[in-house]
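I opened this structure to look up a few residues and helix contacts. My notes follow in the order I made them.

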Number of protein chains: 2
Amino acid sequence: MLTNVSLYIFAIMETLVKKSRKEQIEEKATQLFQEKGYAATSMRDLAQVLGIEAASLYSHIKSKEEILQKICFRMADEFFKSWEEVEKENSSMAEKMKKAMAAHIKVITQDTASSAVFFNEWRHLSEPHLSDFLAMREDYEGRFMQIINDGMASGEFKTVDPKFMMLTILSSLNWTHNWYNPSGSLSPLEVGDRLSNLLLNGLNK
Amino acid sequence: MLTNVSLYIFAIMETLVKKSRKEQIEEKATQLFQEKGYAATSMRDLAQVLGIEAASLYSHIKSKEEILQKICFRMADEFFKSWEEVEKENSSMAEKMKKAMAAHIKVITQDTASSAVFFNEWRHLSEPHLSDFLAMREDYEGRFMQIINDGMASGEFKTVDPKFMMLTILSSLNWTHNWYNPSGSLSPLEVGDRLSNLLLNGLNK
DNA sequence: CCTACCGATCGGTAGG
DNA sequence: CCTACCGATCGGTAGG
């Protein structure tokens, strides 16, 4: 009797915890795309990791590129969502920049594998997805540039080339996906603090 | 008579300026690897750009990967060579870091296409080349970390995590290959100055 | 540098 | 989710 109840509860939990086959496919694909790159990952590689035949993948997905699209646009959504809390900050542009950097780092550290695919494999998107992607990126980069421009106008920031500045900041931020270890001792907040402190105040004493 | 002499001189100049077929192959391959990635570039793509058949490529090269190896290890050589002038600088660690950054930027800006392949496609190297490559990179990164450690010891730099600092600096530096335009108005030296000023002194006034 | 060709592998479909 | 299979393309070789 007790055993039956236990098994029943276990079955419910499994249903709650277990990922759908489609989710499993996307998760493993993300790992493979990160490790080998999109082009060098075959559907047979992916199927093997999941223990099924390559043809069976197509019961759950439409194409190889569909997986890439899901990853790239889901991450883009995350970055835009994270910007909502940034917009609330208006005390100073230095503070707003810190918030923006922290928000950006939070998204990356939450899923470094998807971030790697987002940053490195987007060029394999076909049209019109590629153009959509690039338009979103330009929008997002423009928001960082706006903070820089506002900070220069208010006299908080040095006079710099805003685009150059934005590219430098984002490259430092984006690179974290390569070395951040979620099970390490550094929290996402600490990474954000260190990076914003460095980029705003410099290495010199 | 004059025409014959002119043609003769022209022929000599052409010989001096004209790249060997092997050099042409490497140059076009670099462009394609940058644009589409190594794995997504086929030997038929490469042959088409050169106006020959894919099979003809193999009179000049041994394999597709050989081209990638050439690009990656040539760039690695350039980075190590550029370090020689850095070693001479010992007035201060801030100055040495500036020199190191300028040297690094100089190599990247001199050949942004090869740099892109170097930074993005090295993972397609097979063993033992991959291990060699990673060992060289670790050596190079260690040199930047040494400057940071020395600068902290001398009291010039803030107390930071040296590895974190090194990764942040190099990511900013390395990203330049993505946006630097050799025919634009910004000289390699100016890029180096701006980046070292930002990373050493920060954006805040 | 070409023609002709190789075996292997690719993304994906049909039908059950 | 599988078997069986498709046409296309891959890196590369033989022989001239």
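**Entry 1: A:E23.** I asked whether A:E23 is buried or exposed, or something between. A:E23 has 44% relative accessibility, so I note it as partly exposed. The limits for that class are 20% and 50%. I am reading a predicted model here. A:E23 sits in helix α2 of chain A, which covers residues 21-36. I then checked A:E23 against A:H60. The two are 37 residues apart in sequence, and their C-alpha atoms are 9.5 Å apart in space.

**Entry 2: A:E78.** Next I went to helix α4 of chain A, residues 64-88, where A:E78 is placed. Its relative accessibility is 26%, so A:E78 counts as partly exposed. How far apart in space are the C-alpha atoms of A:E78 and A:V107? I found 6.6 Å, for a pair 29 residues apart along the chain.

**Entry 3: cysteines.** I looked up C72 in both chains. A:C72 has 0% relative accessibility, so I list it as buried. B:C72 is buried too, at 0% relative accessibility. How many disulfides are there over all chains? The count is zero. For my own reference, a disulfide is a covalent bond between the sulfur atoms of two cysteines.

**Entry 4: α4 and α6 in chain B.** I stayed with B:C72, since it belongs to a helix contact. Helix α4 (residues 64-88) and helix α6 (residues 112-120) of chain B cross at roughly 100 degrees. Their axes come within 9 Å. That angle falls between 65 and 115 degrees, so α4(B) is roughly perpendicular to α6(B). Which residues make the contact? From α4(B) I wrote down B:L68, B:I71, B:C72, B:R74, B:M75, B:A76 and B:F79. From α6(B) I wrote down B:S114, B:S115, B:V117, B:F118 and B:F119. By class, the contact of α4(B) with α6(B) has nine nonpolar, two polar and one charged residues.

**Entry 5: cis peptide bonds.** I checked the bond before P128. In chain A, the peptide bond from A:E127 to A:P128 is cis, with omega near 5 degrees. A:P128 is in the loop between α6 (112-120) and α7 (129-153) of chain A. In chain B, the bond joining B:E127 and B:P128 is cis, with omega about 5 degrees. B:P128 is found in the loop between α6 and α7 (129-153) of chain B. I flagged these bonds because most peptide bonds are trans.

**Entry 6: α5 and α9 in chain A.** I moved on to helix α5 (residues 93-110) and helix α9 (residues 188-201) of chain A. They pack at an angle of about 140 degrees, with axes 8 Å apart. That angle is not over 145, so α5(A) is oblique to α9(A). The crossing of α5(A) and α9(A) is right-handed. On the α5(A) side, the contact includes A:M97, A:M101 and A:I105. On the α9(A) side, I picked out residues including A:V191, A:L195 and A:L199. By class, the contact of α5(A) with α9(A) has nine nonpolar, three polar and one charged residues.

**Entry 7: α8 and α9 in chain A.** Helix α8 (residues 162-179) of chain A also packs with α9(A). The angle is about 150 degrees, and the axes are 11 Å apart. This is over 145, so α8(A) is roughly antiparallel to α9(A). The crossing of α8(A) and α9(A) is right-handed. A:I169, A:S172, A:L173, A:T176 and A:W179 in α8(A) meet A:V191, A:L195 and A:L199 in α9(A). This contact has six nonpolar, two polar and no charged residues.

**Entry 8: A:P162.** I found A:P162 in helix α8 of chain A. At 18% relative accessibility, A:P162 counts as buried. What does A:P162 touch, leaving aside its neighbours within four places in sequence? I listed A:M145, A:I148, A:N149 and A:M152. The C-alpha atoms of A:P162 and A:M152 are 9.0 Å apart, for a pair 10 residues apart in sequence.

**Entry 9: B:F164.** Last, I looked in helix α8 of chain B, residues 162-179, where B:F164 lies. B:F164 is buried, with a relative accessible area of 5%. Leaving aside its neighbours within four places in sequence, B:F164 is in contact with A:W179, A:V191, A:R194 and A:L195. I also noted that the C-alpha atoms of B:F164 and B:M145 are separated by 9.3 Å.

Notes
Residues are numbered from 1 along each chain as its sequence is written. Chains are lettered from A and ligands numbered from 1 in the order in which they are written. This is a predicted model: local features need pLDDT of at least 70, side-chain atom pairs count only at pLDDT 80 or more; totals for chains, interfaces and linings use all residues. Side-chain values use heavy atoms; hydrogens and water are left out. A disulfide is a pair of cysteine sulfur atoms within 2.5 Å. Buried means under 20% relative accessible area, exposed over 50%, partly exposed in between (1.4 Å probe, protein chains only). Axes are lines fitted to C-alpha atoms, for helices over the stretch in contact, and angles run from 0 to 180 degrees between N-to-C directions. Helices (H or I, at least four residues) and strands (E, at least two) are DSSP runs, numbered from the N terminus. Angles under 35 degrees count as roughly parallel, over 145 as roughly antiparallel, 65 to 115 as roughly perpendicular and the rest as oblique. A crossing is left-handed if the near helix is turned anticlockwise from the far one by less than a right angle, and right-handed if clockwise. Contact means heavy atoms within 4.5 Å. Ala, Val, Leu, Ile, Met, Phe, Trp, Tyr, Cys and Pro count as nonpolar, Asp, Glu, Lys and Arg as charged, and the others, Gly among them, as polar.
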